[in-house]
Amino acid sequence: QVQLVESGGGLVQPGGSLRLSCAASGGIFSLYVMGWYRQAPGKQRELVARITSAGTTTYVESVKGRFTISRDNAKNTVYLQMNSLKPEDTAVYYCNTELVGRKWGQGTQVTVSS
């Protein structure tokens, strides 16, 4: 199975920025669709952004124009650049593949607070 470790979360003021990183191992990273997901308290986990092996990206409407997903296959790493952060972006952020049977790591906490 693919092992994934998220990092880069923290506390930020509204309007601020963070860059999340996800380091992958244990699979053929360059072939996988990768996604960033988030789960806020009391809510279901949602897909925020995804990127294909070819670099095609998609975003949930609420983050379009503010977040950018990217990947560096040489480093087996996927990133999420988050700009213009809002309090409603507060959540635990996870990265993952779209593989059947995928498991979830610990994620990284993002808190946007004024």
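S84 is partly exposed, as its relative accessible area is 42%; the classes used are buried for under 20% relative accessible area, exposed for over 50%, and partly exposed in between, with a 1.4 Å probe and protein chains only. The model is a predicted one, in which local features need pLDDT of at least 70 and side-chain atom pairs count only at pLDDT 80 or more, while totals for chains, interfaces and linings use all residues. Residues are numbered from 1 along each chain as its sequence is written, and side-chain values use heavy atoms, with hydrogens and water left out.

S84 sits in the loop between β8 (77-82) and β9 (91-97); strands here are DSSP runs of E with at least two residues, numbered from the N terminus. Leaving aside neighbours within four places in sequence, S84 is in contact (heavy atoms within 4.5 Å) with G15, G16, S17, R66 and D89. Between the C-alpha atoms of S84 and G55, which lie 29 residues apart along the chain, the separation is 23 Å.

D89 also leads to R38, a residue of strand β4 (residues 34-39). The side chains of R38 and D89 make a polar contact of 3.0 Å, and R38 has a side-chain polar contact of 3.0 Å with Y93 too. Such a contact is a pair of N or O atoms within 3.5 Å; within protein, one must be able to donate a hydrogen and the other to accept it, and residues adjacent in sequence count only if both atoms are side-chain atoms. R38 counts as buried because its relative accessibility is 7%. Residues touching R38, not counting those up to four places away in sequence, include Q44, V48, F67 and V92.

The open sheet that holds β4 has six strands in the order β2-β10-β9-β4-β5-β6, with mixed pairing. At its edges stand β2 (10-12) and β6 (57-59), each with a single partner strand, so one side of each has no neighbour in the sheet. On average, neighbouring strands of this sheet are turned by 25 degrees against each other, direction ignored. Pairing requires at least two bridges found by DSSP between two strands; β4 and β5 (residues 46-51) run antiparallel and are joined by five. Within this pair, G35 has R50 as its bridge partner.

Back towards the S84 loop, β8 pairs with β7 in the antiparallel sense over six bridges, with T68 standing opposite Q81. The two strands form a hairpin with four residues between them, and N76 in the turn has a positive phi of about 50 degrees. Along β7 (residues 67-72) the side chains alternate: F67, I69 and R71 are buried and point to one face, whereas T68, S70 and D72 point to the other and are not buried.

Terms used:
Axes fitted to C-alpha atoms, helices over the stretch in contact; angles between N-to-C directions.
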